[in-house]
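Ready for a few exercises on a protein model? Have a look at the picture first, then work through the tasks one at a time.

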Amino acid sequence: MVVGAPARYLVFFQYLGTRYSGVMETSNDQSLIGVQNYLEKAMQNLKPVAPVKFHISSRTDTGVHALCNSAHLDIQRAPGKPAFDEKQLVHGLNRHLKPEPICILNAHRVASTFHARFSALSRTYIYRLLMGCSHHSEIPVFERDLCWAPRGGYLNVPAMQEAAQFLVGTHDFSTFRSLSSETPFQSPIRTIFQVDIQPSSGFLAHHYEHRGLEFWELKFRSRSFLYRQVRRMVGALVAVGQGKLTPHRIKELLELKDSRAFPSNAMAPPSGLFLKSVEYSAADLDPTVAPGE
């Protein structure tokens, strides 16, 4: 019997990143392994003809979370078996992901030319800050590993908002990237569409309002980001809020175009960072377009 072409799907998924080495797969003999390892193991339990690889759209590091990441995958089923419908794929994967804090949100059948990483129009990250804690031990137990409480209590938010506007637009972000093996091959030019700093809420925070804690969210949207760029931008903005840097210093750091110019120990920790969403064109996700067209 002739084996048909594999079906390509785009899946959206979320996870708590605390217990993983990051989203990307790692060798299974490490103490922490990647979210991708668990996704591919769950997929194997659905008995595809050949091993399935998840092509992840957005890399996240150890301790970074995702409200919504995405990946595409090609599934070849046994001869005579129809392609999975989207709901069937979501339920099947989630059944085999238990009890990990990883969840498939939805799936879309897409064209064979679609690519989760390169077809993305933009990515949005949020970073959760907690103000009002004089010591790490004052972070509510339900918020540990889900926010950053910088030392010194409250921050000068208007100064941070002023500084954030220097990051919007197209710039050379060399100062705001950490060096990695990919650095020589990546352009440092990025376009930041949006930077917002807004009040937010904590989990059941209305039950401890008397403590005077304030939650804030920093939102960043771009087509793509450099390695640890968001955590460096957050760290620099927090330093402005603490009075360690002036708002204008952010503009000067951009103009230096040198990762060594970034203030030492200023990078924000991974715990408060969430990939909020990966955006695609509606046409790519249009179910009326037959896959392969």
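Let's call a residue buried under 20% relative accessible area, exposed over 50%, and partly exposed in between (1.4 Å probe, protein chains only). A quick word on the ground rules: this is a predicted model, where local features need pLDDT of at least 70, side-chain atom pairs count only at pLDDT 80 or more, and totals for chains, interfaces and linings use all residues. Residues are numbered from 1 along each chain as its sequence is written, and side-chain values use heavy atoms, with hydrogens and water left out.

**Exercise 1.** Find Met 233 and decide whether Met 233 counts as buried or exposed.

*Solution.* Step one: go to helix H4 (229–241), where Met 233 lies; helices (H or I, at least four residues) and strands (E, at least two) are DSSP runs, numbered from the N terminus. Step two: check the cover. Met 233 has 0% relative accessibility, so it counts as buried. Step three: look across to Phe 220, 13 residues apart along the chain from Met 233, with 9.5 Å between the two C-alpha atoms.

**Exercise 2.** Work out where the salt bridge between Glu 100 and Arg 19 sits in the chain.

*Solution.* Start with the general idea: side chains of opposite charge can pair when their charged atoms come close. Here, a salt bridge is a side-chain nitrogen of Lys or Arg within 4 Å of a carboxyl oxygen of Asp or Glu. Glu 100 and Arg 19 fit, at 3.6 Å from N to O. This pair links distant parts of the chain, 81 residues apart: Glu 100 is in the loop between H2 and E4, and Arg 19 is in the loop between strand E1 (7–15) and helix H1 (35–44). Finally, compare their cover: Glu 100 is buried at 18% relative accessible area, while Arg 19 is partly exposed at 48%.

**Exercise 3.** Find what ties Arg 128 to Glu 143.

*Solution.* First, the contact: a salt bridge, with the closest N and O atoms 2.7 Å apart. Next, the places: Arg 128 is in strand E5 and Glu 143 in the loop between E5 and H3, so the pair ties together parts that are 15 residues apart in sequence. Last, the cover: both Arg 128 and Glu 143 are buried.

**Exercise 4.** Which helix holds both Glu 255 and Lys 251?

*Solution.* Both lie in helix H5, 4 residues apart, or about one turn of the helix. Their side chains meet in a salt bridge (2.6 Å, N to O). For Lys 251, the relative accessible area of 31% means partly exposed.

**Exercise 5.** Look for residues with an unusual backbone, starting with Arg 228.

*Solution.* Keep the usual pattern in mind: most residues other than glycine have a negative phi, and most peptide bonds are trans. Arg 228 is not a glycine, yet has a positive phi of about 60°. Arg 228 is in the loop between strand E8 (214–222) and H4, and is partly exposed at 30% relative accessible area. Asn 265 also has a positive phi of about 60° without being a glycine; the place to look is the loop between helix H5 (247–256) and strand E9 (273–279). With a relative accessible area of 82%, Asn 265 is exposed. For a cis peptide bond, with omega near 0°, go from Lys 98 to Pro 99, in the loop between helix H2 (86–97) and strand E4 (102–109) for Pro 99.
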